[in-house]
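Me: I would like a close look at one strand of this model and its surroundings. Please take the strand, its neighbours in the sheet and the helices around it in turn.

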Amino acid sequence: MGHHFLRHVERCRLLLHLVDVSGIEGRDPIEDFKTINRELAVYSEALSKRPQIVVANKTDMIQDQEAFQRFRDYIREIGLPYFEISAATTAGVREVVRAAAQKLAELPPVLVFESEYVPPVI
């Protein structure tokens with residue numbers, strides 16, 4: 001993901017993990033989810049333990065119903081909040097926004113990070 005992006009993510013109290021579940025590109029949504037979480041853990045153990053909401057996107061165009069169902073079952077099994085949306089049609093988006101707002105209201109404030117100068121690579 002890149003260290004600059006991950007440094008930005010460190011300031012977030014809540015992660016919304018948006019996963020393409022359409023199957024259009026032949027990708028496995030479970031593997032995509034695990035890959036991102038591995039990258040978070042490699043970068044920072046604390047970041048990997050941040051609260052997450054999992055958002056299954058592109059539910060209006062699912063090509064692989066079996067992979068979609070496996071993903072839904074997997075996320076529910078590991079106990080993370082789970083929502084299904086279609087960004088194109090906005091179906092389910094309002095519910096995700098409400099859940100995120102509610103969760104953010106419960107979480108402690110963001111820790112203040114001291115900026116750390118990173119010299120540009122030339």
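**A strand and its neighbours**

Reply: In this predicted model, strand E1 (residues 15-20) and strand E2 pair in the parallel sense, and six bridges link them. One of these contacts can be named by residue: Asp20 has Asn57 in E2 as its bridge partner.

E2 itself covers residues 52-57, and six of its six residues are buried. Its side chains point in two directions. Gln52, Val54 and Ala56 point one way, while Ile53, Val55 and Asn57 point the other way, and all of them are buried. Asn57, the partner of Asp20, thus belongs to the group with Ile53 and Val55.

E2 also pairs with strand E3 (residues 82-84). These two strands run parallel and are joined by three bridges. Val55 has Phe83 in E3 as its bridge partner, and Ala56 stands opposite Glu84 in E3.

Taken together, the strands form an open sheet of three, in the order E1-E2-E3 and with parallel pairing. E1 and E3 are the edge strands; each has a single partner strand, so one side of each has no neighbour in the sheet. From one strand to the next, the twist averages 25°.

Helix H4 (residues 65-78) belongs to the same picture, since E2, H4 and E3 make a right-handed β-α-β unit. As for the sheet, Ala56 of E2 stands opposite Glu84 of E3. H4 packs on this sheet and touches E1, E2 and E3, and its direction makes about 155° with that of E3. Angles over 145 degrees count as roughly antiparallel, so H4 and E3 are roughly antiparallel.

H4 has a helix as a neighbour as well. The axes of helix H2 (residues 29-43) and H4 come within 8 Å and cross at roughly 40°. The two helices are therefore oblique to each other. On the H2 side, the residues that meet H4 are Pro29, Ile30, Phe33 and Lys34. On the H4 side, they are Ala67, Arg70, Phe71, Tyr74, Ile75 and Ile78. By type, the residues of this contact divide into eight nonpolar, two charged and no polar.

To return to the strand asked about: E2 is mostly covered, it pairs with E1 and with E3, and H4 touches it as part of the packing on the sheet.

Note on methods: Residues are numbered from 1 along each chain as its sequence is written. This is a predicted model: local features need pLDDT of at least 70, side-chain atom pairs count only at pLDDT 80 or more; totals for chains, interfaces and linings use all residues. Side-chain values use heavy atoms; hydrogens and water are left out. Buried means under 20% relative accessible area, exposed over 50%, partly exposed in between (1.4 Å probe, protein chains only). Helices (H or I, at least four residues) and strands (E, at least two) are DSSP runs, numbered from the N terminus. Two strands pair if DSSP finds at least two bridges between them. A crossover is right-handed if, with the strands pointing away from the viewer, the path from the first strand over the helix to the second runs clockwise. Axes are lines fitted to C-alpha atoms, for helices over the stretch in contact, and angles run from 0 to 180 degrees between N-to-C directions. Angles under 35 degrees count as roughly parallel, over 145 as roughly antiparallel, 65 to 115 as roughly perpendicular and the rest as oblique. Contact means heavy atoms within 4.5 Å. Ala, Val, Leu, Ile, Met, Phe, Trp, Tyr, Cys and Pro count as nonpolar, Asp, Glu, Lys and Arg as charged, and the others, Gly among them, as polar.
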